[in-house]
Structure formats: C-alpha cells, structure tokens
Amino acid sequence: MHIKFERRIQYSKSMLVLVPVVTIVLSIIASSVVLLALGKSVPLTMHSFFIAPFATFYSITEIFLKFGPLLLIAQALAVGFRAKVWNIGAEGQMVMGAIFATSVPVYFVDSTSPFLLPAMIILGALGGMGWAAIAAFLRTRFNANEILVTLMLTSIALQFLYYLLLGPWKDPMGFNFPQTVMFQDEALFPTLFSGTRLNISIVIPILFTIAVWIFMERRFGGFKLVVGGLAPNAATYAGFSAKGAVWLSLLLAGFAAGLAGMSEVAGPIGQLQRSVTSGYGYSAIIVAYLGALHPIGIVFAAFFLAVIHIGGDIALVSANVPISAVHVFQGLLLVFYLATYTFVNYRLRVVRHVHHKQSVVSP
Amino acid sequence: MTTVEFLLAGTMSAATVFLLAALGELVAEKSGMLNLGVEGMMAVSAAVGFVITYQTGNHLLGFAGAGIAGIFISLIFATVAITFLANQVATGLAVGILGLGLSALIGRQHESLTVIAPGGINIPILSDIPLIGPVLFQHNIVVYLSILLAIAIGYCLKYTRLGLAIRSAGENPEAAHALGYPVHLIRYGSVAFGGLLAGFAGAYASTIYTPLWADGMIAGRGWIAVALVVFGTWKTGRIVLGAYLFGLVSLGELLAQSFGAAIPSQLLSSLPYIVTIVVLAIISTNAARLRLHAPYALGETYDGSEAR
C-alpha cells in the first residue's frame, strides 16, 4: 500500500485559490524555524514583515513604490513563462534600461528641456528591449538556451554598469563614489504627494497590466503565443510562429524591465548607482509564479512581495533581522508554491497491492 | 614561479570548481533531472564550508559540511520536482533563489574574513621538474581527485549496471520502470550526488581557490557549470576539457594584467560570460546533434505510470 498522485480529470478551482494561502502559511512556518535558529524574535519579525509596512502613510507609499516595478516586470515575464520562454535575465534588461535612460541627463547635464523625460522613457524601453533581443536572436537563430543566455547577459550588463560608474560616467564632484550626477528635476518623475517618493510612473505598470490582461484573456494573440511555446510543431501547422513567441516574450520583458529600470533612476534613486535594480528582476520571477501567471493574480502577488520588501527593511531595524532573510523567504515562497500547485492538477490516492509486473500485461 | 607557470597552474585550480559542479550536474541530467539550482547549491555549500573551516581550522570538516549542505539543498529540489511532480526548470530556479538567500544568511558574520588555503601536494622528482612540476604536480589533492572522479563517473555511466540504470531513467523512465528499475529512487540518488559535488565545488571555491568569504562569491560559476554539460554534449571527457578551457578564460583578468594590457577590468570579468554565450550559440546551432546526445527524457516529469 502506498500513496501516489493521480491526475485529476479537470483541474481543481478551489485548489487554485487555496494554493497561494497554503504557500504563504508554509513559508511563514519555515522562515520562523530559520529565525529561531538565528536567535531572532519571530513575533517581532512577523509584525515588521506584515503589519508595520501599513503603519504610516509614508510607508504605504513606499509599498506602492516597490509594487510598480515588480508588477511591471512580472506581467511581462508571465507572458513568456506561459509560452515556456524562460527569460530570467530581467535583472540585466532592467540595468540596461536604467543605463540607456541615464545617458540623457549625463550628456545633457544643464538641460531643462521638457523632452528630457520622454527621451529617457523611450531610451529606457529600447535599452531593455535591445538587451533582450540578443537572447531572442540567439535562441531563434542559433537555438541557444535563453535561460543561460539571459543570465550571462545579466552578469555582463552589471559589469558594464560598474565600468560606467567607475569610469566615464562617474560624478566628478561625487567624492569618488561609484555613481553618476544627481539628475535635474526635469529628468525626474513628479511625485504624487509631497514628502513621499511615490511618483506618477506608477501609472505605467497599471496601464501595462490592463494591456497584458486584454491581450492574454480576450484576444487570439495570447492563445497563439501559448501554443507557440507549448507545441511548436502544432503551432507551425496552424500557421502560428514558435519563433514569434520567443521574440514577443523577450521583447515584451525587455520593454517592461527597461521601463522599470528607467523609473528607478528617474524616480526614487535620482541617479545611476550600483544597486539600481534592488533585485526586482529576480523577485519578479517569484511574483509571476505566485500570481499563477495570471494578470490579476500577479497584481496581488506583486503587492504581497512589495509589502515583504518594505517589511524586510523594517525588520532590519526593529528586529535586527538581516536583509538576506527576505531573500530566503522569497525562495521559500516559490519552493512551496511549486510543491503545493501539484494539488491543482493531481489528487492524492491510496493505492493497495499493485504489482508492477501485472500492470504491464495487457488484458 | 614565472607568469606562464602561474597562469597554467591557476587554470587547473580555477577549472576544478567548474569540473566538480559540472560532473555532479552531468549525473543528475543523465537520470533525466535538469537541476538549475547548481548556483544556489554551490553558494550555500561555499558559505557552510567556509564557516566550518574558519571555526575549526579543518578543511576536511569544511568539505564534509559543504557536501552535506549541497545534498540537503539538492533534496529540496528532488522532493518538489520528483515527488511533487513540479516543473524542473521552475523548481531549479526556486532552489537557486533560496540558496542564494541562505548563503548570504549563513556567511553574513564572516564577510571578508579569510582562511589559510592548504598547501599543494609534493611528489618527489615530479614536483621538481621545471615548468611541468609547478604547473602539474604541486596542486591541492582535490584537483587530482576531481580528475580521477571524472574518469570514475565516465566509466560508471558507460559500463556498469548502475550507470545503465541512471541512463535508462533519463532516456525512457516508463521503460525503466517496466524493467523494474526504481526510477524515482534513481533520480533522487542522482540529484543528491549532484548536490554533493556542487557542495565540494562550493567548498573548493571558498576555502582553497579563493580562501575568503564574500557574499555572491560564486558569481555565476554554477550556471557556467550547467552550460558546460551542454558544451560537453553530456560526455565526461569533453566536460573535463570544457572545464579547463573555462578555467583559463576565468583567469583573463590576471592574464591581461600580467601583460600590462590596458583593458578595463570589467570587460575581462565579463569574459567567461561572453565566452559562455558564444560557445552556447555555436554548440546549439546543430539542434539535431544536441537532441541526439541529450538524455531523451531530460527535464520531463515522471509521474510513475508505465505509458503515456
């Protein structure tokens, strides 16, 4: 007698809703064990993670500040993941977007033109798309695995960033810190509320979400994309393009990540510096999965991870919990999500006295 | 030691990190398991190995701890991807992210600390030959063991019953199951072996090759190890060759400095990543050939049934 997974005839809708809840509970339990091992207070940490971020208006605006880039990148990644295009280099595409956008205020230091910001938006998107296009080209032309290529491109983008910050783009008045000049006001997004860092760039992820939702749910295009990724031969037969799915997935992600990078330098950071991405490119992978690769699910997942990010900063101060604990928690979320998601398509069944030898013999 | 000697000797040492991790991934992939968590497994083990070595002064204990840590992380992957039938690519990424977080957490109080790397072996006569001696015969014992291990793994996969069992789980799990092979157990074992070797690779990196702890020190070497398995088209000999090539490439920075070339160091640091992309593109162009060598059921979840 043993227990095995048996495929459900139809996927379970109740499980689909239950999975994120169970995932979060399991992740909290597992991270509590880690916290106890570190000798940290579990209640204090959990309070910092989940309650404290909502304590002040400023803190809530900070949540939305992190929510934006996570949402933007995750929506685009999910489109690719649905089509089995594994772009895990959004981090690098974000860096390139930030670099391209920064070229404007760096080379037009004294400009007060109203075209600064639009130029940065366009360049940021192009930077991300260009970097992603390398991976798309290598995959479609040379069959090179996009997981490895996008990852390696991220490492290269970071080295390029360091080169610029230590060399040609270093702020001459910056006391030798690896960062560019602070941007002029015309190169920054206006903030929404005075005294906070939340700015109008938050509309970009929201508009993007609506666009992706319409594309994936309401239009034939989404269907073509998924078929192109899942069954390239069937897609070709039906006249859809598998290569098209790769290009679309990667360019869309490059576009989103590039804009996210641009929004960071033209938003809360106000200059280009080493930690420009804050790890959004990797966190967005978790957001995409936790949101079940669905445009609406991703909104909730992005908000949840944004809260944890702010909570992690608070826990660092209030409970002396290292910031890497947040990364562990994120990793746990994804591991538990993947394990529990099995129950959507499978049910557990107890099997009695099945002999393998017999089952081979056909009746 | 002359510059040339130094570089050639450095290549062997740098290559050992790639080789150990790639051999482990090879065995896992031969059983059908595409474990993309190598970077995470190496990061955790590097931290565990460093902390233990720093605290006890004993490299052997450090390696043992790192090996156990590698197995532990690999079993998280195996549980989710084998027992819970989850997508292997996504699970590998998840374990990779978790591993990087754990690594930072474990090593955070040892940032920038160093341990003393153990000396190399000293074979009378051989080690004293000019040029060849310092390049080939004065390394740490792990360098030689990793080469012996490559030979052993190559032999085991090709000529033994165990190797046949592993390969059949990776080529056709339904048939392997029908023949009475415990497919899930074989895959668990292969993944755990991969974790053990990734653990040794991490410990070698943090306590022997660069005996210093810095967060993020694995710096993509786990991913290059995954790429090396593809470069070697799942053949042990070619993987050894690839590991040594990348050992040399990763020394590009030292190489340029020694010749006084005025190349930005960031460009040289990027070299292993650029070479990985270029080689990957070249190797992958012939898709048919790649499919021929890759384990047929690589990356496919096996839910325990006989036929699909």
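Let me start with helices α1 and α9 of chain B, which are roughly antiparallel to each other, because an angle over 145 degrees counts as roughly antiparallel, one under 35 as roughly parallel, one from 65 to 115 as roughly perpendicular, and the rest as oblique. What we are looking at is a predicted model, in which local features need pLDDT of at least 70 and side-chain atom pairs count only at pLDDT 80 or more, while totals for chains, interfaces and linings use all residues. Residues are numbered from 1 along each chain as its sequence is written, and chains are lettered from A and ligands numbered from 1 in the order in which they are written.

Back to that pair: α1 covers residues 3-30 of chain B and α9 covers residues 183-209 of chain B, and they pack at about 170° with their axes 7 Å apart. Here the axes are lines fitted to C-alpha atoms, for helices over the stretch in contact, and the angles run from 0 to 180 degrees between N-to-C directions. The helices themselves, like the strands, are DSSP runs numbered from the N terminus, with H or I over at least four residues for a helix and E over at least two for a strand. Among the residues of α1(B) that meet α9(B) are V17(B), L20(B) and A21(B), and the α9(B) side includes F193(B), L197(B) and Y204(B), where contact requires C-beta atoms, placed from the backbone, to lie within 7 Å. The residues of this contact divide into 17 nonpolar, five polar and two charged; Ala, Val, Leu, Ile, Met, Phe, Trp, Tyr, Cys and Pro count as nonpolar, Asp, Glu, Lys and Arg as charged, and the others, Gly among them, as polar.

A second pair in chain B is α10, residues 221-231, and α11, residues 236-249, which pack at about 135° with their axes 8 Å apart. That angle makes α10(B) oblique to α11(B). In this contact I224(B), L228(B), V229(B) and F231(B) of α10(B) meet I239(B), G242(B), A243(B) and F246(B) of α11(B), and these residues divide into seven nonpolar, one polar and no charged.

How many residues of chain B are in contact with chain A? There are 41 of them, and they are in contact with 41 residues of chain A. In chain B, α3, α4, α10 and α13 each supply at least two residues of the side that touches chain A, and α4(B) gives the most, with 13 residues. That side of chain B divides into 28 nonpolar, ten polar and three charged residues.

Turning to chain A, its secondary structure comes to 14 helices and two strands. Its C-alpha trace spans about 85 × 55 × 35 Å along the principal axes, and buried residues make up 51% of its 363 residues.

Finally, a few single residues. Is L85(B), in the loop between α3 and α4 of chain B, buried or exposed? L85(B) is buried, because 20 other C-beta atoms lie within 10 Å, where 20 or more means buried, 12 or fewer exposed, and anything in between partly exposed, with C-beta atoms placed from the backbone. Its phi is near 55°, a positive value in a residue other than glycine. A292(A), in the loop between α11 and α12 of chain A, also has a phi near 55°. F50(A), in helix α2 of chain A, counts as partly exposed, with 15 C-beta neighbours inside 10 Å, and, leaving aside residues up to four places away in sequence, F50(A) touches V307(A) and G311(A).

Note on methods:
Contact = placed C-beta atoms within 7 Å.
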